[in-house]
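Here is a short note to read beside the model. Please keep the structure open as you go through the points.

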Amino acid sequence: MEVPKGFDSVLHPPARLQIAAVLAQAQEAEFALLKTITGASDSVVSKHLAALAEAGYIVLRKGPSDGRQRTWAKLTSTGRAAFRSHVKTLEALAAAVASGETGGQTRAVKRVRRRA
Amino acid sequence: MDHSEALSALDAKRDAQMQMARAATCPPWRHGLFGLLMGGLVASPAFDFPIRMGILILILFSIPLIVSSDRKRMGMFINGYRRGKTRIVAVGILAVEMSLYAISVWRAFDDHDHVTPLVLGIAGVLIGVVGSLLWQRVFVREMGA
């Protein structure tokens with residue numbers, strides 16, 4: 001069965017989707033803000049940021065603020081395209097249920113997630 | 001992934017955008033400052049060269065300070081010309097302010113009229129403040145907050 005086009009296993013965890021959603025609107029966002037928005041711990045946010053950076057979806061930089069080094073994240077053009085595509089797929093899946101088209105796609109996506 | 005998972009993922013995204021919109025809400029002084037910068041630019045031709053240059057340099061140096069202040073206060077920086085409906089507002093503000101500035105320059109340099117630029121400067125402040133408030137309102141609405 002065909003995997004829905006645009007589904008992205010890197011962006012699938014809700015916290016990563018939330019981080020990408022913020023970065024899609026802001027030029028850059030600071031670690032503390034992303035932590036507040038996702039409601040996750042420091043280590044969990046760090047892991048999500050590392051996964052997104054490894055996929056080439058974001059770039060991280062350290063910058064001084066109030067005398068402390070802070071981590072800033074920025075979405076890359078690859079990340080922006082992947083985010084848009086993933087959101088479109090989610091919207092299509094959410095909308096397609098009434099027509100009964102999602103069964104096969106659901107199984108295919110689960111297979112991809114197990115592999116990821 | 002099924003329908004409910006897709007819906008809950010979209011809810012999580014919406015929730016993040018709403019929180020972001022709340023975090024991006026600017027205090028009144030920030031809207032006022034933007035209005036003053038715009039009004040200062042429009043009114044600047046009313047003054048003699050040294051003062052005019054002083055105003056323009058002050059405006060130029062204020063921009064990175066505002067960006068830095070926004071980053072520190074909100075933990076992010078949102079470009080005014082970002083994609084979306086806010087771009088229409090941003091371009092609209094710029095077009096009106098630049099038109100006022102052009103009229104101001106024309107009146108001050110061609111007709112040696114130094115009152116009109118001051119009056120237009122006050123209009124520039126008001127348009128800047130209202131435009132900034134409108135931009136924020138459109139952004140918050142776009143984020144679903």
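The points below cover the interface, the sheet and the core.

1. This is a predicted model. Its two chains, A and B, touch each other: 21 residues of chain B are in contact with 26 residues of chain A.

2. Look at the side of chain B that touches chain A. Both α1 (3–23) and β1 (76–77) of chain B supply at least two residues of it. The largest share, twelve residues, comes from α1(B). By type, this side of chain B has twelve nonpolar, five polar and four charged residues.

3. Now the sheet. It is open, has four strands and follows the order β2(A)-β3(A)-β1(A)-β1(B), with antiparallel pairing. Why do β2 (58–65) of chain A and β1 of chain B each have one side without a neighbour in the sheet? Both stand at the edges with a single partner strand, so one side of each is left without a neighbour.

4. Check two of the pairings. β2(A) and β3(A) (residues 68–75) are antiparallel over eight bridges. Here Gly63(A) stands opposite Arg70(A). Across the chains, β1(A) (residues 28–30) and β1(B) are antiparallel over two bridges. Ala29(A) stands opposite Met76(B) there.

5. One helix covers part of this sheet: α3 (residues 42–54) of chain A lies across β2 and β3 of chain A, at about 130° to β2(A).

6. Finally, the largest nonpolar core has 51 residues. Ala20(A), Val22(A), Leu23(A), Ala29(A) and Leu34(A) touch the most other members. Helix α1 (residues 14–25) of chain A gives the largest share of this core, seven residues. Follow Val22(A): leaving out residues up to four places away in sequence, Val22(A) touches Ala29(A), Leu34(A), Ile37(A), Ala16(B) and Met20(B).

Note on methods: Residues numbered from 1 in each chain as written. Chains lettered and ligands numbered in written order. Predicted model: local features only at pLDDT ≥ 70, side-chain atom pairs only at ≥ 80, totals over all residues. Contact = placed C-beta atoms within 7 Å. Nonpolar A, V, L, I, M, F, W, Y, C, P; charged D, E, K, R; others polar. Pairing = 2+ DSSP bridges. Core = buried A, V, L, I, M, F, W, Y, C linked by C-beta atoms within 7 Å. Buried ≥ 20, exposed ≤ 12 C-beta atoms within 10 Å, placed from the backbone. Axes fitted to C-alpha atoms, helices over the stretch in contact; angles between N-to-C directions.
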